[in-house]
Amino acid sequence: MLGRFSCAVSLLLSSMVLPAACSSESHASRTSEPAAAQSAAPKTNPDAELLVDFKKRIDDYMALHNKLEKQAPPLKETKDPAKIKASQETLAMKIREARKDARQGDIFTPEIRQLLRRLMYPEVKGREGRETKAAITEESHELKAVTLKVNARYPDDAPLMTVPPNILAALPKLPEDLEYRFVSRTMILLDTHANLIVDFVPNAIQ
Amino acid sequence: MRRAISTTFLLLALVSPAALQERLQLPNKEGSTKFLVIGDSGTGGSEQRVVANRIAEVHKGFPFEFAIMVGDNLYGSEGANDFRRKFEEPYKVLLDAGVKFYAALGNHDDPNQRYYKNFNMNGEKFYTFKAPKKGPDILGDVRFFALDSNYMSPEQLQWLEKELKAPGSGWKIPFFHHPLYSSGEKHGADVALREQLEPLFVKYGVDVVFAGHEHFYERLKPQKGITYFVTGSAAKLRRGNIGESGMTAKGFDTGYAFLIVEITGDELYFQAIEAGGKTIDAGVIKRREVVEGNPSAKVGG
């Protein structure tokens, strides 16, 4: 499980030319190319390309987040919870303004969505995946208040669904202020400082 | 509801410290590590206040220095008023007495609670701290590990292993929200989490684990040598929810409850008390020795 995670991370860190050992799932979505072209260029792993693209989109978002965070009241330890709330709400407002044209799929593009679904699938399939799936959807009935929309606030009165460790191990690592979360079978990208939904993947688990 | 609160105040007024001392089933030794365990506490409702008042009363006779919170520290909204109503006011007596609260995050908690000073999380979702020692006598070399069981990332697991294997800890006590073992019919055990954490707990000599999430009290029969407590009824209650699992050493799902603990040397004493003041469970757990050089091999217990 952790091995697959390491593999995914190494895909991000290494060059685009990959050993076959890390690419067991990589050929399914690749369309075939002429034999001559294949022999002329080094083999590239399409999942690695997608992971690099995903990382770039995350990095771009975090660059904006970090820039706007400097304009908000600092989030630091305090006895006054109002200061925590003020920092959260100010940052959320600034991100909404800056990303007013953001749409679903800006970060989770259709190709990245497919990749993430594929990475999670082994963890939720069959009898062995039942516990994981059950953990993700356990309290879905309490999530009616969640609006699945980019830039929507994650409501205070909705619990945050547990993300099972095997799912987190299967997915690419995120920076500290971003988390994968689930709203029933939809996976959201949550900015935890701003408490905002950044993007989401419908039907993330099958 | 108002009448219930008034009745409780009256009952508390009638309980003398001497009577409480009689009911206390812990050694209450000077220099020992004493602490409180509460879970699923942050409703701001009358039940939380009744339990909090009972805890304050117990604190008079058993002066624990700190409390661990196993998550769901604040239900619902988390504005400044909520922190006041769901935490600061109910536990005012304890806070005024200098009791420190160490929180773990539950699924109803905003991760930004880690910046709230009174939860002593130092801005971290998962962290460790050592129980304060009184004087040179080491009656309890105790280290706690607050975990974020909502989001058990590979980084957190790596951190935990590194910290668990660090030398110098006698007792190693993890606490977090989702129970690895539970007889609850609502949630039950978190098996995926157990697969990740249990091998580390076994390998590095953990003896006791505290969790919540289930709204009742349960002490499980030792699993692979580890005693698991579920303490999620400090303000919420799921009546009659403890099922027949064959794993329950003691269960209580008909009232609100909390746990007080005392560690002295290699013995951990515990006493679970319900809101009315009645003891519902008590006992002692002996720390198993870890054979030097081979942390996975244990003797005793």
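In chain A of this predicted model, strands β1(A) and β2(A) run antiparallel and are joined by six bridges. Strands, like helices, are DSSP runs numbered from the N terminus (E, at least two residues, for strands; H or I, at least four, for helices), and two strands count as paired if DSSP finds at least two bridges between them. One of the bridges puts A:Phe182 opposite A:Met187 of β2(A). Two residues sit between the strands of this hairpin, and A:Ser184 takes a positive phi near 60°. On its other bridging partner, β3(A), A:Met187 is matched with A:Val201; β2 (residues 186–191) and β3(A) pair in the antiparallel sense over five bridges.

Put together, the three strands make an open antiparallel sheet in the order β1-β2-β3. Its edges are β1 (178–183) and β3 (196–201), each pairing on one side only. On average, neighbouring strands are turned by 30° against each other, direction ignored, with axes taken as lines fitted to C-alpha atoms (for helices, over the stretch in contact) and angles running from 0 to 180 degrees between N-to-C directions. Five of the six residues of β1(A) are buried, so this strand is largely enclosed by the rest of the structure. Here, buried means 20 or more other C-beta atoms within 10 Å of a residue's own, exposed means 12 or fewer, and partly exposed is in between, with C-beta atoms placed from the backbone.

As for chain A as a whole, seven helices accompany the three strands, and the pattern along the sequence is α-α-α-α-α-α-α-β-β-β. Of its 206 residues, 36% are buried. The average pLDDT (the predictor's confidence in each residue, from 0 to 100) is 83, and 80% of the residues score at least 70. Residues 1–37 of chain A, though, stay under 50. Where pLDDT is low, the predicted coordinates should not be read in detail.

Numbering starts from 1 along each chain as its sequence is written, while chains are lettered from A and ligands numbered from 1 in the order in which they are written. Local features need pLDDT of at least 70 and side-chain atom pairs count only at pLDDT 80 or more, whereas totals for chains, interfaces and linings use all residues.

Between the chains, 32 residues of chain A are in contact with 31 of chain B, a contact being a pair of C-beta atoms, placed from the backbone, within 7 Å. Helix α4(A) gives the largest share of the chain A side, five residues.

Over in chain B, all eight residues of β11 (257–264) are buried, so that strand is largely enclosed by the rest of the structure. One face carries B:Ala257, B:Leu259, B:Val261 and B:Ile263, and the other B:Phe258, B:Ile260, B:Glu262 and B:Thr264. Strand β11(B) pairs antiparallel with β1 (33–38) of chain B over five bridges and with β12 (267–274) over eight. B:Glu262 is the bridge partner of B:Lys34 and also of B:Tyr269 in β12(B). The β11(B)–β12(B) hairpin has two residues between its strands, and B:Gly265 in the turn has a positive phi of about 60°.

B:Phe258 also turns up, with B:Val37, as a residue with the most contacts inside the largest nonpolar core, which has 130 residues. Such a core is a set of buried Ala, Val, Leu, Ile, Met, Phe, Trp, Tyr and Cys residues joined through C-beta atoms within 7 Å. Among the residues that B:Phe258 touches are B:Val37, B:Val51 and B:Ile273, not counting residues up to four places away in sequence.

Terms used: Two residues are in contact if their C-beta atoms, placed from the backbone, lie within 7 Å.
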